[in-house]
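Student: Could you walk me through the inside of this protein? I'd like to start with what "buried" means.
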Amino acid sequence: MMNNIAINNPFIVGKYLSDKYFCDRTEETEFLRKQLQNGRDVALISPRRIGKSGLIQHFFNQQDIKENYHVFFIDIYATTSLAEFVYTLGKEIYAQLKPQSAVWKEKFFQVISSFRVGFKLDTMTGAPTFDLGLGDIQAPQTTLDEIFAYIEEADKPCIIAIDEFQQIGEYAENNVEALLRTKIQKCHKAQFIFSGSKRHVMSNMFNSPSKPFYQSAISMGLEPIPLSTYSAFTTSLFEERGKSINSEVIESVWNHYDGYTWFVQMMMNELFALTATNATCGMDMISEARHNVVMAQENSYKDLLSNLPPKQKIVLQAIAKEGIAHNITSAKFIKKYNLNSASSVQAAVKLLLKNDLLTQTDNGYRIYDFFFSEWLATVY
Ligand SMILES: Nc1ncnc2c1ncn2[C@@H]1O[C@H](COP(=O)(O)OP(=O)(O)O)[C@@H](O)[C@H]1O
Ligand SMILES: [Mg+2]
């Protein structure tokens with residue numbers, strides 16, 4: 001079905017469409033298949049924007065997986081409590097259920113009695129609809145029990161992917177990890193993919209003996225797609241549409257963004273748009289593409305800055321101008337950017353790291369979002 005829609009630009013960003021627009025990840029998909037078929041849960045860990053969510057969606061889109069399992073995908077990045085977790089999971093289960101058999105759907109409201117309030121009949125058509133509000137989750141633990149009870153009765157095994165899983169550590173309630181672990185342990189019908197972008201939080205959850213999820217899942221890291229593989233993918237997408245691209249362009253973009261999939265795809269999307277039919281994309285187009293991509297996000301960067309305390313803003317811009325800042329507490333760095341003191345820089349960096357604006361690499365600190373960094377250093 002999807003393939004019949006005319007896709008103007010084959011460099012898709014922000015959603016999963018189909019195999020055709022998805023580059024590689026063959027081994028990773030196979031690894032997931034193997035672990036899950038062997039009854040093991042997987043903890044998928046990598047920095048943001050490398051392609052974790054995309055990989056999970058790609059895996060769920062495999063024919064054998066679709067046929068043999070019920071698959072559920074929830075992103076809990078924005079959730080802050082068990083009630084929201086339960087709400088998100090319940091909604092996803094119902095959404096996947098819609099095209100399924102009426103029996104399973106009926107059972108949904110039988111077993112998950114907390115959700116009955118969300119069951120309504122459309123006033124126009126009389127068809128059943130599901131309209132649940134966050135406020136309808138009065139007793140989240142009970143609802144969670146019911147959801148798991150329901151999963152146990154599924155007619156096929158289930159795979160539940162919980163994206164940005166580290167977020168449960170931030171919940172208002174402090175027993176969620178233990179609670180979930182117990183539920184998951186007792187659940188025979190479902191297997192889990194826990195994915196997360198905060199390496200130390202995730203690794204602490206799964207690798208420290210005192211934590212409920214200790215050794216409960218196989219850890220899997222995700223690396224950037226290798227340049228040669230991405231290059232072949234890009235070249236063929238250009239050529240299929242009567243355009244071409246010099247391989248040095250692909251190499252240069254890939255290197256500039258360390259192969260981080262989201263940034264590279266954003267650039268390729270723009271470069272593809274800038275290239276006329278029958279023309280070739282050359283090195284001279286990179287700077288225009290970069291400018292367009294960065295400026296398209298300007299409003300969100302301004303919003304972000306307007307919410308940032310001045311002390312953090314100054315440090316952030318200094319780091320943007322450096323690109324990678326090696327020695328942030330050195331007298332040289334502090335003097336160069338007129339910063340206050342080593343301790344105030346340290347305090348700001350700590351907060352910027354916590355809020356995902358900065359990231360620490362082997363060579364020093366850099367701004368997580370390459371495009372934001374470029375904008376801060378050159379436009380702002
Ligand atoms: N293998 C891939 N081929 C093409 N595009 C991809 C691939 N993996 C991810 N993407 C694109 O890159 C972007 C970032 O990937 P995503 O899966 O959201 O990263 P993460 O979950 O690690 O933050 C997505 O918008 C997606 O469209
Ligand atoms: Mg993601």
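Tutor: A residue is called buried when its relative accessible area is under 20%. Please keep in mind that this is a predicted model.

Student: OK, so which residues of helix 7 are buried?
Tutor: In helix 7, which covers residues 176–186, the buried ones are V176, E177, L179, L180, R181, K183 and I184.

Student: And what covers them?
Tutor: The cover over the buried residues of helix 7 includes strand 1 (41–45) and strand 6 (190–196), together with helix 4 (82–97), helix 6 (140–152) and helix 8 (199–207).

Student: New topic: which residues touch the most other members of the largest nonpolar core?
Tutor: That core has 73 residues, and those touching the most other members are F60, Y230, L316, I319 and F371. Helix 11 (residues 261–274) gives the most to this core, contributing 8 residues.

Student: What does F60 touch?
Tutor: Leaving aside residues up to four places away in sequence, F60 touches I65, K66, V71, F72, F73, I159, A161 and I193. There is also a second, separate core of 47 residues, and I45, I76, F108 and F194 are among its members.

Student: How many disulfides are there?
Tutor: The structure holds 0 disulfides. For C187, the nearest cysteine sulfur is that of C158, 7.4 Å away, and C187 is in no disulfide.

Student: Is C187 buried or exposed?
Tutor: C187 counts as buried, because its relative accessibility is 8%.

Student: Why is C281 without a bond to the closest cysteine sulfur?
Tutor: The closest cysteine sulfur, in C23, is 17 Å from the sulfur of C281, and that is too far for a bond. C281 is buried too, as its relative accessible area is 0%.

Technical notes
Residues are numbered from 1 along each chain as its sequence is written. Chains are lettered from A and ligands numbered from 1 in the order in which they are written. This is a predicted model: local features need pLDDT of at least 70, side-chain atom pairs count only at pLDDT 80 or more; totals for chains, interfaces and linings use all residues. Side-chain values use heavy atoms; hydrogens and water are left out. A nonpolar core is a set of buried Ala, Val, Leu, Ile, Met, Phe, Trp, Tyr and Cys residues joined through side-chain atoms within 4.5 Å. Buried means under 20% relative accessible area, exposed over 50%, partly exposed in between (1.4 Å probe, protein chains only). Helices (H or I, at least four residues) and strands (E, at least two) are DSSP runs, numbered from the N terminus. Contact means heavy atoms within 4.5 Å. A disulfide is a pair of cysteine sulfur atoms within 2.5 Å.
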